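Dear colleague,

I am handing over the structure we spoke about, and I would be glad if you could look it over before reading further. My notes on it come after the display.

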Amino acid sequence: MASAFDVPVTVYAFRCYDVDVGGYVVPPFKATKRAIAQHFNGEALTLTGEDVDPSELDDEGRWFRVATGWGSLRDESAGRDN
C-alpha cells in the first residue's frame, strides 16, 4: 500500500521502433522517462504526461491504465449503512 508521503511520478506515452513492424509503434501503456530510455529505447511523447502513485508502476517502470467504466475500482460502499 502506498504511503501518504509517496511523491507522484510522471509517466508518458512513448514511441519506439518495432523491428517486427518495421516502424514506430506506441505501446498500450505509459512509462517513466527513465524506463522509456533504459528498457524500451523510446522517445517520450511529452504532452501525454500523467502523475501516478509510484506503487502503481510495475518492476520495469510501466503503468497500465485500468478500465473502470463509469467509476473507480475502490469499494465506495465500504462504511455505508446498507
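What follows is a short account of what was found, beginning with the chain as a whole and ending with its charged side chains.

Please keep in mind while reading that this is a predicted model. The protein chain contains 1 helix and 7 strands, and from the N terminus on these elements are arranged in the order β-β-β-β-α-β-β-β. Of the 82 residues in the protein chain, 21% are buried, while the area that the chain exposes comes to about 6,500 Å², with carbon and sulfur atoms supplying 51% of it. When contacts between residues at least 6 apart in sequence are considered, 55% of them join residues at least 24 apart.

The interior is a good place to start. The largest nonpolar core has 8 residues, namely Tyr12, Phe14, Cys16, Phe29, Ala31, Ala35, Ile36 and Phe40, and the elements that give two or more residues to this core are strand 2 (14-18) and helix 1. One of the core residues, Ile36, lies in helix 1, which spans residues 33-39, and Ile36 counts as buried because its relative accessibility is 2%, where buried means under 20%. If neighbours up to four places away in sequence are not counted, Ile36 touches Tyr12, Phe14, Ala31, Asn41, Gly42, Glu43 and Ala44. Ile36 and Cys16 are 20 residues apart in sequence, and their C-alpha atoms are 8.7 Å apart in space.

Just ahead of the helix there is another residue to look at. Thr32 is found in the loop between strand 4 (30-31) and helix 1, and with 15% relative accessibility Thr32 counts as buried. The side chain of Thr32 reaches the backbone nitrogen of Ala35 at 3.1 Å, and, leaving out residues up to four places away in sequence, Thr32 also touches Thr10, Val11, Leu57 and Gly61.

Turning to charged side chains, a search of the whole structure finds 5 salt bridges, and three of them are described here. In one of these, the side chains of Arg15 and Glu43 meet at 3.1 Å, N to O; since Arg15 lies in strand 2 and Glu43 in strand 5 (residues 43-44), the pair ties together parts that are 28 residues apart in sequence. Both partners are partly exposed, Arg15 with a relative accessible area of 31% and Glu43 with one of 42%.

Which residues are linked in a network of salt bridges? They are Lys30, Glu50 and Arg65. The side chains of Lys30 and Glu50 meet at 2.8 Å, N to O, and because Lys30 lies in strand 4 and Glu50 in strand 6 (residues 50-52), this pair ties together parts that are 20 residues apart in sequence. Arg65 forms a salt bridge with Glu50 as well, the closest N and O atoms being 3.2 Å apart, and this pair links distant parts of the chain, with Arg65 in the segment after strand 7 (62-63) and Glu50 in strand 6, 15 residues apart. The three residues are covered to differing extents: Lys30 is buried at 15% relative accessible area, Glu50 is partly exposed at 23%, and Arg65 counts as exposed at 57% relative accessibility. The side chain of Lys30 also reaches the backbone oxygen of Thr48 at 2.8 Å.

With kind regards

Note on methods: Residues are numbered from 1 along each chain as its sequence is written. This is a predicted model: local features need pLDDT of at least 70, side-chain atom pairs count only at pLDDT 80 or more; totals for chains, interfaces and linings use all residues. Side-chain values use heavy atoms; hydrogens and water are left out. Helices (H or I, at least four residues) and strands (E, at least two) are DSSP runs, numbered from the N terminus. Buried means under 20% relative accessible area, exposed over 50%, partly exposed in between (1.4 Å probe, protein chains only). Contact means heavy atoms within 4.5 Å. A nonpolar core is a set of buried Ala, Val, Leu, Ile, Met, Phe, Trp, Tyr and Cys residues joined through side-chain atoms within 4.5 Å. A polar contact is a pair of N or O atoms within 3.5 Å; within protein, one must be able to donate a hydrogen and the other to accept it, and residues adjacent in sequence count only if both atoms are side-chain atoms. Accessible areas come from the Shrake-Rupley method with a 1.4 Å probe; for residues, only the protein chains shown count as cover. A salt bridge is a side-chain nitrogen of Lys or Arg within 4 Å of a carboxyl oxygen of Asp or Glu.
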